[in-house]
Amino acid sequence: MSFLVKTSYSHNLASTAMLMCSSFCPQIPNQFRRRPISSFPARPLFSVSFKALSSQANNASTKDELPARIGFLGIGIMGSPMAQNLLKAGCDVTVWNRTKSKCDPLISLGAEYKSSPEEVAASCDVTFAMLADPESAVDVACGKYGVVSGMSPGKGYVDVSTVDVETSKFISGHIKTTGALFLEAPVSGSKKPAEDGQLIFLAAGDRSLYETVSPLLDIMGKSRFYLGDVGNGAAMKLVVNMIMGSMMASFSEGLLLSEKVGLDPNVLVEVVSQGAISAPMYSMKGPSMVQSRYPTAFPLKHQQKDLRLALGLAESVSQPIPIAAAANELYKVAKSHGLSDQDFSAVIETLKGKLQKQQ
Ligand SMILES: NC(=O)C1=CN([C@@H]2O[C@H](COP(=O)(O)OP(=O)(O)OC[C@H]3O[C@@H](n4cnc5c(N)ncnc54)[C@H](OP(=O)(O)O)[C@@H]3O)[C@@H](O)[C@H]2O)C=CC1
Ligand SMILES: O=CCCC(=O)O
């Protein structure tokens with residue numbers, strides 16, 4: 001039976017209780033100490049590591065090295081379960097969200113709340129952000145009362161939002177003027193993997209910050225990739241989501257065509273799941289798409305944003321991506337019909353020819 005000794009500044013009964021229950025969380029180091037990031041010893045870096053492996057590595061190397069206070073900005077579909085997993089693992093987490101009420105469930109789990117990104121960054125060693133799009137990511141980081149105002153040497157900022165390369169470099173530049181470190185680490189995986197701590201991190205930026213936060217990434221995810229300079233994580237994420245957006249559009253066409261020619265689309269889902277083009281996405285979303293249900297895991301507006309950003313990325317290197325460009329048009333139509341906040345699988349509705357345009 002192992003007990004955590006909590007040495008950080010928050011004396012919240014709920015989180016202390018969670019720390020005492022930490023014998024159920026084998027990945028947690030035994031001590032949390034407040035130390036500036038810059039004082040962490042350099043450790044060997046693995047470009048890819050899987051949960052089981054990283055857990056072992058953590059036990060060996062990170063006992064005293066986790067950042068003591070962790071900030072989390074952006075408590076949406078993804079940010080909420082990610083912050084919750086940090087809390088459940090016994091971390092000392094301070095949260096902020098534009099809509100404060102979304103922080104309440106985390107506060108009742110032991111999170112502290114601050115009223116601006118600046119205050120979170122100023123009071124934490126490492127601050128994560130999971131924001132909607134490039135505009136909100138820049139605003140929260142560089143705007144009034146933003147993260148930059150609370151940053152200083154020894155701190156780190158990890159932006160896990162999906163943004164474009166230029167935005168990530170812009171934010172990185174501003175963070176680095178404060179002497180703090182920056183890492184982009186967008187994630188592959190949706191709501192359920194976020195809840196289950198099974199995300200895939202696509203990290204790039206300051207290597208020492210990557211090493212420092214790896215135990216935290218391992219709490220929230222199943223694997224992580226270190227991809228080098230800032231921008232490479234953003235680019236990788238956009239390429240992955242470009243493929244995903246086209247796959248979903250193509251799958252939608254297949255479901256509707258099968259039905260039109262008198263086949264059972266549920267059987268199509270089964271056939272696809274057994275062959276070379278099987279993908280978890282088809283098996284997970286297919287059955288509800290057949291019933292015209294789109295419970296939101298990945299909002300359609302974010303998928304369209306990612307296609308738009310991927311088109312910009314392709315444009316920057318003169319790479320033709322006609323399939324993705326066509327798929328983007330479908331998501332744009334879906335948005336104009338009020339489907340922005342539905343799951344991105346609702347793109348199938350645009351192919352049914354029954355939609356009423358929203359005024
Ligand atoms: N859902 C998914 O499956 C996945 C999403 N992503 C990416 O993660 C990011 C977050 O996605 P998700 O959690 O699904 O999205 P949500 O729409 O649920 O959350 C978006 C978050 O951004 C905040 N936000 C939006 N605009 C602003 C603004 N102008 N200023 C401050 N905060 C703002 C929202 O605050 P408020 O609550 O006040 O609106 C909310 O906290 C996106 O970049 C998305 O592309 C990546 C992988 C999977
Ligand atoms: O950005 C969203 C990705 C969703 C997923 O990977 O399932």
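**Exercise 1. Work out how strands β8 and β9 are joined, and in which sense they run.**

Step 1: Find strand β8 at residues 156-159; four bridges join β8 to β9, and the two strands run parallel. Helices (H or I, at least four residues) and strands (E, at least two) are DSSP runs, numbered from the N terminus. Two strands pair if DSSP finds at least two bridges between them.

Step 2: Pick out one bridge. G156 has L181 in β9 as its bridge partner.

Step 3: Follow the chain. β8, helix α8 (residues 165-176) and β9 form a right-handed β-α-β unit. Right-handed means that, with the strands pointing away from the viewer, the path from the first strand over the helix to the second runs clockwise.

A quick word on what you're looking at: this is a predicted model, where local features need pLDDT of at least 70, side-chain atom pairs count only at pLDDT 80 or more, and totals for chains, interfaces and linings use all residues. Residues are numbered from 1 along each chain as its sequence is written, while chains are lettered from A and ligands numbered from 1 in the order in which they are written.

**Exercise 2. Decide whether the faces of β9 are covered or not.**

Step 1: Get the cut-offs straight. A residue is buried if 20 or more other C-beta atoms lie within 10 Å of its own, exposed if 12 or fewer, and partly exposed in between, with C-beta atoms placed from the backbone.

Step 2: Check each side. L181 and L183 sit on one side of β9, F182 and E184 on the other, and all of them are buried, so both faces are covered.

**Exercise 3. Trace the strands that pair with β11.**

Step 1: Start with β9 (residues 181-184), which pairs with β11 in the antiparallel sense over two bridges. In these, E184 partners A204, and L183 partners G205.

Step 2: Move on to β10 (residues 187-188), joined to β11 by two bridges and also antiparallel. Here S188 stands opposite I200.

Step 3: Now take β12 (residues 221-226): five bridges join β11 to β12, and these strands run parallel. I200 turns up again, opposite S223 in β12.

Step 4: Add the helix. β11, helix α10 (residues 207-220) and β12 make another right-handed β-α-β unit.

Step 5: Look at the cover. Six of the seven residues of β11 (residues 199-205) are buried.

**Exercise 4. Describe the shell around ligand 1.**

Step 1: There are 26 residues around ligand 1, and G76, R98, S136, S190 and F298 come nearest. A residue is near a molecule if its C-beta atom, placed from the backbone, lies within 6 Å of it.

Step 2: Ask where they come from. Helix α6 (residues 134-142) gives the largest share, three residues.

**Exercise 5. Compare Y145 and S318: which is partly exposed and which is exposed?**

Step 1: Place them. Y145 is in the loop between α6 and α7 (147-150), and S318 is in the loop between α14 (300-316) and α15 (322-336).

Step 2: Check phi. Y145 has a phi near 60 degrees, a positive value in a residue other than glycine. For S318, phi is near 55 degrees, again positive in a residue other than glycine.

Step 3: Count neighbours. Y145 counts as partly exposed because it has 15 C-beta neighbours inside 10 Å. S318 has 6 C-beta neighbours inside 10 Å, so it counts as exposed.
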